[in-house]
Amino acid sequence: MARLSLLSRSIEGQVALITGAASGMGRATAHLFSDEGARVAVVDRESESISRVVDEIRNAGGEAQGFEADVGNAEAIKGLIRDVTQHYGGLDILINNAGISRPVRIDAEDYEASWSETLDVNLTAHIRLLRESLPFLEQKGRGRVVNIASTEGVGAQPNVSAYTASKHGVVGLTRAMAVELGQRGVTFNCVCPGPIETGMTALIPDKSKEKFARRRVPLGRYGDPEEVAHATLSLVLPAASYINGAVLMCDGGLSIQNS
Ligand code: NAD
């Protein structure tokens with residue numbers, strides 16, 4: 001009897017599309033996947049910052065191509081998947097990472113506009129990207145989708161209700177798709193980061209971050225984008241073939257601390 005089967009921990013040669021890859025966790029994921037041998041589609045809203053990341057990856061010896069798209073726009077998503085699959089000849093891994101957070105109180109005048117924009121980018125985009133990608137993801141019987149949710153996907157804090165609703169939606173969508181698509185050879189998982197040092201948290205003063213982390217995070221600090229990228233990588237490996245519908249907390253223990 002063979003000692004082990006041939007499940008591998010390599011994504012060498014696989015095509016990975018990462019949204020929001022010009023900054024923060026998306027950028028770290030693009031770099032890490034490229035270092036692991038993947039061919040990376042760097043997707044974001046703005047050409048200059050996309051080019052910066054593509055150049056960084058190429059200068060490090062990796063293979064990357066930039067694609068400018070607003071994932072909140074249905075037509076843009078159709079064009080994006082067409083362009084990526086034409087360029088690389090397929091798609092193996094989809095990372096739904098792009099997200100926005102707009103603090104807004106429930107009685108604010110612009111609440112509905114903020115709700116719509118947040119849901120479009122943080123949740124509806126995921127399902128649109130999946131629907132366009134599915135024919136490619138299921139082709140080889142080993143497609144991988146990872147959605148980046150948040151600790152806001154399992155808990156809540158005030159004045160970000162649209163964000164919280166969108167991230168709870170991402171967790172629900174992950175589970176729904178894991179159940180629906182398992183038999184089509186595509187796994188569907190999500191990562192819930194806690195507080196991470198990225199563009200999204202850049203405006204929070206260091207003192208406030210330290211105070212929050214000391215009080216709320218058992219590890220006592222904000223996380224690094226690279227730490228989340230490794231959690232994401234662990235879910236897309238060929239060897240992760242029986243992980244489906246998982247909600248992986250990557251939060252330094254924040255979500256389980258009661259006191
Ligand atoms: P970030 O702001 O550094 O990066 C987000 C990227 O998404 C940016 O490059 C931005 O241009 C891109 N983006 C936003 N809207 C887009 C759109 N419509 N189309 C294409 N690209 C778009 O922030 P980040 O913290 O790295 O965020 C990545 C994900 O992690 C988000 O889904 C966010 O909700 C989630 N998250 C962040 C934290 C945190 O503490 N930073 C915690 C939990 C979850």
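Is Glu-227 buried, exposed or partly exposed? In this predicted model, Glu-227 turns out to be partly exposed, as its relative accessible area is 35%. That puts it between the cut-offs, since buried means under 20% and exposed means over 50%. The side chain of Glu-227 has a partner, too: together with Arg-221 it makes a salt bridge, with 2.9 Å from N to O. Arg-221 is likewise partly exposed, at a relative accessible area of 38%.

That pair belongs to a wider set, as the structure holds eight salt bridges. Side chains of opposite charge can pair when their charged atoms come close. Another case is the bridge between the side chains of Arg-142 and Asp-92, where N and O are 3.5 Å apart. Here Arg-142 sits in the loop between helix 4 and strand 5 (143-148), while Asp-92 sits in the loop between helix 3 and strand 4 (93-96), so the bridge ties together parts that lie 50 residues apart in sequence. The two ends of this bridge differ in cover: Asp-92 is buried, with just 5% relative accessible area, whereas Arg-142 counts as partly exposed at 32%.

A further bridge links the side chains of Glu-138 and Arg-184, this time at 2.8 Å from N to O. Glu-138 belongs to the loop between helix 4 and strand 5, and Arg-184 to the loop between helix 5 and strand 6, so parts 46 residues apart in sequence are tied together by this pair. Glu-138 is partly exposed, with a relative accessible area of 26%, and Arg-184 counts as partly exposed as well, at 40%.

Charges also gather on the surface. Lys-207, Lys-211, Arg-214, Arg-215 and Arg-216 come together there as a patch of positive charge. One of them, Arg-214, is found in helix 6, which runs over residues 206-216. Arg-214 has a relative accessibility of 61% and counts as exposed, because the cut-off for that word is over 50%. A negative patch is on the surface too, made up of Asp-35, Glu-36, Asp-224 and Glu-226. Of these, Glu-226 has its place in helix 7, residues 225-236, and is partly exposed, with a relative accessible area of 47%.

Away from the charges, what does the largest nonpolar core look like, and which residues have the most contacts inside it? This core has 39 residues, and those with the most contacts inside it are Leu-17, Leu-80, Val-84 and Leu-130. Strands 1 (15-19), 2 (39-44) and 6 (186-193) each give two or more residues to the core, and so do helices 3 (74-88), 4 (111-137) and 5 (161-181). Helix 4 supplies the largest share, with nine residues.

Leu-130 is worth a second look. Its place is in helix 4, and at 3% relative accessibility Leu-130 counts as buried, because that figure falls under the 20% cut-off. Ala-213 stands 83 residues away from Leu-130 along the chain, and the C-alpha atoms of these two residues are separated by 34 Å.

Definitions and conventions
Residues are numbered from 1 along each chain as its sequence is written. This is a predicted model: local features need pLDDT of at least 70, side-chain atom pairs count only at pLDDT 80 or more; totals for chains, interfaces and linings use all residues. Side-chain values use heavy atoms; hydrogens and water are left out. Patches are made of residues with over 30% relative accessible area and no salt bridge: like charges are joined within 9 Å, nonpolar side chains (Val, Leu, Ile, Met, Phe, Trp, Tyr) within 5 Å. Accessible areas come from the Shrake-Rupley method with a 1.4 Å probe; for residues, only the protein chains shown count as cover. A salt bridge is a side-chain nitrogen of Lys or Arg within 4 Å of a carboxyl oxygen of Asp or Glu. Lys and Arg count as positive and Asp and Glu as negative; His and the chain ends are not counted. The place of a charge is taken as NZ of Lys, CZ of Arg, CG of Asp or CD of Glu. Helices (H or I, at least four residues) and strands (E, at least two) are DSSP runs, numbered from the N terminus. Buried means under 20% relative accessible area, exposed over 50%, partly exposed in between (1.4 Å probe, protein chains only). A nonpolar core is a set of buried Ala, Val, Leu, Ile, Met, Phe, Trp, Tyr and Cys residues joined through side-chain atoms within 4.5 Å.
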